[in-house]
Amino acid sequence: MNGPLVVVGDALLDRDVTGVVGRVAPDAPVPVLDERSSTDRPGGAGLAALLAAAPDSEVALVTGLADDAGGARLAELLAAAGVEVYPLRLPGATAEKIRLRAGGQTLLRLDRGGEPRQPGEPPEAVLELLSRAGAILVSDYGRGVVRQPALRAALARAAAPVVWDPHPRGPAAVPGVRLATPNLGELRQLTGDAGAGNALSTATRAGHELRRRWRAGAVAVTVGADGAVLCHAGATPLVVPPPAGPDHVEDTCGAGDRFAATAALALAGGASVAEATQEAVAAASAYVAAGGAAGLRREAEQPATPAAARTAEDLVARVRADGGTVVATGGCFDILHAGHLATLQAARRLGDCLVVCLNSDRSVRGLKGPERPVNPEEDRAGLLAALDCVDAVVVFDEATPHQVLARLRPDLWVKGGDYGDGADLPEADLVRRWGGRVVTVPYLAGRSTTGTISAARTRGLHLVKGAV
């Protein structure tokens, strides 16, 4: 990406007040919440910017900020996340959404900030920022930022791909956006479609209508657990189903922001709208599987860890809470073969969940040499996660899995029988510190990644000689 991802839209301050309900108020038939903790996080366009922020990406947010405590808190949270804020002067108060929660449920939401207000003129720095953006995400929450005339004119002039995440109370997109990303409910409100037929037919019909009205390059309609429907050139839509997800979804808040931010980053990297939509579906599905906004709530209360590790740790915690046995194994799994499968299946039968600790590409190169791995870590992790015997995959960067093992603390650390009795494994002493055990399982003789690669090269050489 040659320039920053610039998010433009209405930022909100989300606050979760969590407590315990143990009585009913004496003056009204309502529960009394005894507060135990309070967590603040950016919402609206602020959440979209937060989700896009990463060590390897530059993210800026153009938003209206009021001169009040809420605006100051928003700016503080965004700066801490590595988002560069370009504020527009906002009259009135910062919009806040305060959720009162107990027992994992929201009891009441209190909204503050009053009626939406249009912000002041964008300074020259904002116009310059938009002109050098690598991609632009318009995250409209219907509070007036994207109605600002000078800002809209700058968005219409922008050379970077623009992704428009609309709101039914907001204005139409500027002409020529690369991709619009409404959900199905928003799409029906934006087009006035009555929704006759199933979700696919509605998304296709209304998606093409919105694309025509807005003169947009494409419209990706998100349809919840069914993924997305991409309406672009031609009458046939591209239907992008999500990967297999969890049976229970804790909180979908922010999934649309995750979808739109991922699509914008993908377009900035040169992806087609079809490729960007596929990446966005996968990212939004992973976000929901990790707990959605509830996962962000937990993040604010504990040290940050990679998303995959958080998911594995949540799995381990659930299994332990039920009195189960946590099993882990590790390796490069560069070319998945029958020997790997036999080891993984045997390991899974030893407990109630199996976590695979997978060497990253950099780790494999350090262990195996510059020509390895043959397959990148994303492909290796995806293949492992698709196996019924694997419950979670965690990628680690070090030469050994010591750090991830110290976090997960499995009851059993399993290796194939080709490692002997396991006593010489460098991680054996570590596993025993918390009472864990190192075990080996039978393996299929004659199966190895090195042997597979060598055989493939030999056969390729014979084929070349035969052709000559």
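The exercises below concern helix H2, salt bridges and a surface patch in a predicted model.

Residues are numbered from 1 along each chain as its sequence is written. In this predicted model, local features need pLDDT of at least 70 and side-chain atom pairs count only at pLDDT 80 or more, while totals for chains, interfaces and linings use all residues; side-chain values use heavy atoms, without hydrogens and water.

**Exercise 1.** Determine which residues of H2 are buried and how they are arranged about the helix axis.

*Solution.*
1. Helix H2 covers residues 69–80. Helices (H or I, at least four residues) and strands (E, at least two) are DSSP runs, numbered from the N terminus.
2. From first to last C-alpha, H2 reaches 17 Å, close to the 16 Å expected at 1.5 Å a residue; the expected span is 1.5 Å times one less than the number of residues.
3. Gly70, Gly71, Leu74, Leu77 and Leu78 are the buried residues of H2. Buried means under 20% relative accessible area, exposed over 50%, and partly exposed in between (1.4 Å probe, protein chains only).
4. Down the axis of H2, these buried residues fall within an arc of 130°, so they line one face. The arc is taken from the directions from the helix axis to the C-beta atoms.
5. The face turned away from the buried side carries the exposed residues Ala69, Ala79 and Ala80.
6. Cover for the buried residues includes helix H1 (45–52) and strand E2 (11–24), where contact means heavy atoms within 4.5 Å.

**Exercise 2.** State which residues share a salt-bridge network with Arg73, and describe its pairs.

*Solution.*
1. A salt bridge is a side-chain nitrogen of Lys or Arg within 4 Å of a carboxyl oxygen of Asp or Glu.
2. The network links Arg15, Asp40, Arg73, Glu76 and Glu96.
3. Within H2, Arg73 pairs with Glu76, with closest N and O atoms 2.9 Å apart. Arg73 and Glu76 are separated by about one helical turn because they are three residues apart in helix H2.
4. Glu96 pairs with Arg15 at 3.4 Å between the closest N and O atoms. This pair joins distant parts of the chain, with Glu96 in strand E6 and Arg15 in strand E2, 81 residues apart.
5. Glu96 counts as buried because its relative accessibility is 13%, whereas Arg15, at 21%, counts as partly exposed.

**Exercise 3.** Identify the residues that make the nonpolar surface patch of about 250 Å².

*Solution.*
1. Patch residues have over 30% relative accessible area and no salt bridge; like charges are joined within 9 Å, and nonpolar side chains (Val, Leu, Ile, Met, Phe, Trp, Tyr) within 5 Å. Areas come from the Shrake-Rupley method with a 1.4 Å probe; for residues, only the protein chains shown count as cover.
2. Val21, Leu107 and Leu108 make the patch.
3. Leu107 lies in strand E7 (residues 105–112) and is partly exposed at 44% relative accessible area.
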